[in-house]
Amino acid sequence: VLQLSPDSKLHISKSTRKKSKRFQLSLNEAFDDVVKGCHKQHGINWLFPPIVSAFRALQKETIDYGDCQTQLVENGSFQPSGTTPVRLYSVEIWNAETGALAGGELGYTVGGIYSSLTGFTKEDAAGSVQLAALGKLLLQCGFLRWDLGMEMEYKRQLGAELIARTDFVREVHRTRVENKDLVLRCNGRRNAKEIIDFDRPDNNDATDTKRRSGA
C-alpha cells in the first residue's frame, strides 16, 4: 500500500519525469482496449468474460451516474448499515505523438483508497509513466492510500510498503464512510509531465517566470 496523505511517500524517478512528456493520461476512454491489452500481456488469467462484463457495468455506472452504490453490513452479521459508492475506472496512457494506446490499467475506488486491479504496457517507459502520473492524479484528487496489490520491486521503488491486513481493513472501514465523496477525475487527455510536475516548486517558479516575461 502506498501512502498518499498525509505525508505522501510517492517517489518518481528523474528518468520517469524526463520521459513523461512523451505521454498523455486519460480515464475511462478505452475500457475494452485496456482489457484486450491485459489479456494479451497476461492471458485471460482471472479476467475472464463474466468478470469483464461486471467491470464494464460498474464503469458504465461510474460514467453515467457517478458511482455504483453498494450496501454495507455490520461486522458478524448480515444486517445492512448503510451504503457506500464504488467507482471503477480504466486508466489509459497514450503516445502523445502518434495517439496510440501505450498501456493502461483497471482500478476502483472505495472512499479514499484506490486499488489497482491489473494493467499492461506495450511501449518503453509507458508503464512507469502511467503509474507516476496516476499517483500524482490521486494526490491531486485527495486520495489517501493506493492499494497496489502483491509486493513487487517496482512498487517498492514507487513508495509502497507492506502493512498488516487488520490495519488495512480498519482503514477501509473508516474511509468508505468518511471519504465516500472522493472522485478520480482527469478531464480528457492530459500531458503526463504536466500532471507529474503539477506541484513542484521549480515548475511553479518556471510558470511565474514566464508570466513576468510575458511569455
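A residue is called buried when its relative accessible area is under 20%, exposed when that value is over 50%, and partly exposed in between. With these words in hand, we can walk through the structure above, which is a predicted model.

Lys 136 has a relative accessibility of 7%, and because this is under 20%, Lys 136 counts as buried. The side chain of Lys 136 meets that of Asp 199 in a salt bridge, with 2.9 Å from N to O. This pair links distant parts of the chain, since Lys 136 belongs to helix α4 (residues 126-140), while Asp 199 lies in the loop between α7 (192-196) and α8 (201-213), 63 residues apart. Unlike its buried partner, Asp 199 counts as partly exposed, at 47% relative accessibility.

Why can such pairs form at all? Side chains of opposite charge can pair when their charged atoms come close. In this model the count comes to 13 salt bridges, and some of them can be followed within a single helix. In helix α3, Lys 60 forms a salt bridge with Asp 64, and the closest N and O atoms are 2.6 Å apart. These two residues are four apart in helix α3, so about one helical turn separates Lys 60 from Asp 64. Asp 64 has a relative accessibility of 41%, and therefore counts as partly exposed.

Helix α6 (residues 165-178) offers a further example, in which Arg 174 and Glu 171 are three residues apart and so are separated by about one helical turn. Their side chains meet in a salt bridge, at 2.6 Å from N to O. Arg 174 counts as partly exposed, at 30% relative accessibility, whereas Glu 171, at 15%, counts as buried. Elsewhere, salt bridges that share partners join Arg 17, Lys 193 and Asp 197 into one network.

We can now return to helix α3 and ask how helices α2 and α3 are arranged relative to each other. Helix α2 (residues 31-42) and helix α3 (residues 49-65) pack at an angle of about 150 degrees, and their axes are 11 Å apart. Because angles over 145 degrees count as roughly antiparallel, α2 and α3 are roughly antiparallel to each other. Their crossing is right-handed.

The loops deserve a careful look as well. In the loop between β1 (2-3) and α1 (14-19) we find Pro 6, and the peptide bond that leads from Ser 5 to Pro 6 is cis, with omega near -5 degrees. Asp 7 is found in the loop between β1 and α1 too, and although Asp 7 is not a glycine, it has a positive phi of about 55 degrees. At 66% relative accessibility, Asp 7 counts as exposed. A positive phi of about 55 degrees is also found at Asn 28, which is not a glycine either, and Asn 28 sits in the loop between β2 (23-27) and α2.

Farther along the chain, Ser 77 has its place in the loop between β3 (68-73) and β4 (80-95), and at 26% relative accessibility Ser 77 counts as partly exposed. The C-alpha atoms of Ser 77 and His 39 are separated by 38 Å, and these two residues are 38 residues apart along the chain.

Finally, we come to a patch on the surface. Met 150, Met 152 and Tyr 154 make a nonpolar surface patch of about 330 Å². Met 150 lies in the loop between β7 (145-147) and α5 (153-158), and because its relative accessibility is 62%, Met 150 counts as exposed.

Definitions and conventions:
Residues are numbered from 1 along each chain as its sequence is written. This is a predicted model: local features need pLDDT of at least 70, side-chain atom pairs count only at pLDDT 80 or more; totals for chains, interfaces and linings use all residues. Side-chain values use heavy atoms; hydrogens and water are left out. Patches are made of residues with over 30% relative accessible area and no salt bridge: like charges are joined within 9 Å, nonpolar side chains (Val, Leu, Ile, Met, Phe, Trp, Tyr) within 5 Å. Accessible areas come from the Shrake-Rupley method with a 1.4 Å probe; for residues, only the protein chains shown count as cover. A salt bridge is a side-chain nitrogen of Lys or Arg within 4 Å of a carboxyl oxygen of Asp or Glu. Buried means under 20% relative accessible area, exposed over 50%, partly exposed in between (1.4 Å probe, protein chains only). Axes are lines fitted to C-alpha atoms, for helices over the stretch in contact, and angles run from 0 to 180 degrees between N-to-C directions. Angles under 35 degrees count as roughly parallel, over 145 as roughly antiparallel, 65 to 115 as roughly perpendicular and the rest as oblique. A crossing is left-handed if the near helix is turned anticlockwise from the far one by less than a right angle, and right-handed if clockwise.
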